[in-house]
Amino acid sequence: MEQLWQDELVQQAGTHSILDVFQVLGPDDTPDYNTVEPVTAAEARELLGTDKLTHAHIEDFGVFPRSRWVGRCAVLHDDQGAPHEIYFWGHSGD
């Protein structure tokens with residue numbers, strides 16, 4: 001990692017990968033470059049009708065607002081409603 005970040009091109013343009021993520025935002029944080037914004041329960045309820053997202057909801061994640069250089073993530077729940085995994089999506093770069 002240290003060698004990668006010494007590259008001037010990487011310093012200026014990033015890696016165009018998950019390595020460009022420096023912070024997962026909290027509820028009161030503003031999305032900015034190199035951050036990931038979690039889907040809130042209110043957002044999930046409003047756009048998908050549930051606050052317990054599952055793997056089956058992934059195909060509908062296009063309804064969540066997003067912008068370049070800011071990723072999104074959502075906690076996915078298992079069949080019993082317990083948190084099971086975190087799903088990341090979005091893109092950096094071109």
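Q: Let's start with the sheet. How many strands does it have, and what is their order?

A: Keep in mind that this is a predicted model. The sheet is open and has 4 strands, running in the order E1-E2-E3-E4, and the pairing is mixed.

Q: Which strands stand at the edges?

A: Those are E1 and E4, the latter covering residues 83-89. Each has a single partner strand, so one side of each is left without a neighbour in the sheet.

Q: And in what sense do E2 and E3 pair, parallel or antiparallel?

A: They pair in the parallel sense, over 4 bridges. If you want a spot to look at, find threonine 35, which stands opposite valine 70 in E3.

Q: Now charges. What is the general idea behind a salt bridge?

A: Side chains of opposite charge can pair when their charged atoms come close. For this model the count comes to 3 salt bridges.

Q: Which residue does glutamate 37 meet in a salt bridge?

A: Its partner is arginine 72, at 3.8 Å from N to O. Glutamate 37 lies in strand E2 (residues 35-38) and arginine 72 in strand E3 (residues 70-77), so this pair ties together parts that are 35 residues apart in sequence.

Q: What about glutamate 43: which side chain does it meet?

A: Arginine 72 again, with an N to O distance of 2.7 Å. This pair also links distant parts of the chain, as glutamate 43 sits in helix H3 (residues 41-48) and arginine 72 in strand E3, 29 residues apart. Put together, Glu37, Glu43 and Arg72 are linked in a network of salt bridges.

Q: Are the members of that network buried or exposed?

A: It's a mix. Arginine 72 is buried, with a relative accessible area of 1%. Glutamate 43 is buried as well, at 16%, while glutamate 37 is partly exposed at 26%. The cut-off that matters here is 20%: a residue under that value counts as buried.

Q: What else does the side chain of arginine 72 reach?

A: The backbone oxygen of proline 65, at 2.5 Å. Leaving aside neighbours within four places in sequence, arginine 72 is in contact with a long list of residues, including Val36, Phe64, Arg66, Tyr87 and Trp89.

Q: Which side chains make the salt bridge that involves aspartate 51?

A: Aspartate 51 meets arginine 45, at 3.2 Å from N to O. Aspartate 51 is partly exposed, with a relative accessible area of 36%, and arginine 45 is partly exposed too, at 44%.

Q: On to the rings. What describes a pair of aromatic rings?

A: Two things: the distance of the centres and the angle of the planes. In this model the count comes to 5 aromatic pairs. One of them is phenylalanine 61 with phenylalanine 64, which is edge-to-face, with 5.4 Å centre to centre and 65 degrees between the planes. Both phenylalanine 61 and phenylalanine 64 are buried.

Q: Which residues do ring pairs link into a cluster?

A: Phe61, Phe64, Tyr87 and Trp89.

Q: Where do nonpolar side chains tend to be in soluble globular proteins?

A: They tend to be buried together. Here the largest nonpolar core has 9 residues: Val39, Ala44, Leu53, Ile58, Phe61, Phe64, Ala74, Leu76 and Trp89.

Q: Take alanine 44 from that core. What is it in contact with, leaving aside its neighbours within four places in sequence?

A: Val39, Gly49, Thr50, Asp51, Leu53 and Phe64. Asp51 in that list is the residue that bridges to arginine 45.

Q: What sign of phi do most residues other than glycine have?

A: Negative. Asparagine 34 goes the other way: it is not a glycine, yet its phi is positive, about 65 degrees. Look for asparagine 34 in the loop between strand E1 (23-24) and E2. It is partly exposed, with a relative accessible area of 21%.

Q: Last one. How far apart are serine 17 and glycine 90, in sequence and in space?

A: They are 73 residues apart in sequence and 9.8 Å apart in space, taken C-alpha to C-alpha. Serine 17 lies in the loop between helix H2 (8-13) and E1, and serine 17 counts as partly exposed at 30% relative accessibility.

Notes: Residues numbered from 1 in each chain as written. Predicted model: local features only at pLDDT ≥ 70, side-chain atom pairs only at ≥ 80, totals over all residues. Heavy atoms only, no water. Salt bridge = Lys/Arg side-chain N within 4 Å of Asp/Glu carboxyl O. Helix = DSSP H or I, 4+ residues; strand = E, 2+ residues; numbered from the N terminus. Buried < 20%, exposed > 50% of the residue type's maximum accessible area, 1.4 Å probe, protein only. Polar contact = N/O pair within 3.5 Å; in protein donor to acceptor, adjacent residues only side chain to side chain. Contact = heavy atoms within 4.5 Å. Phe/Tyr/Trp six-rings, centres within 6.5 Å; stacked < 30°, edge-to-face > 60°. Pairing = 2+ DSSP bridges. Core = buried A, V, L, I, M, F, W, Y, C linked by side-chain atoms within 4.5 Å.
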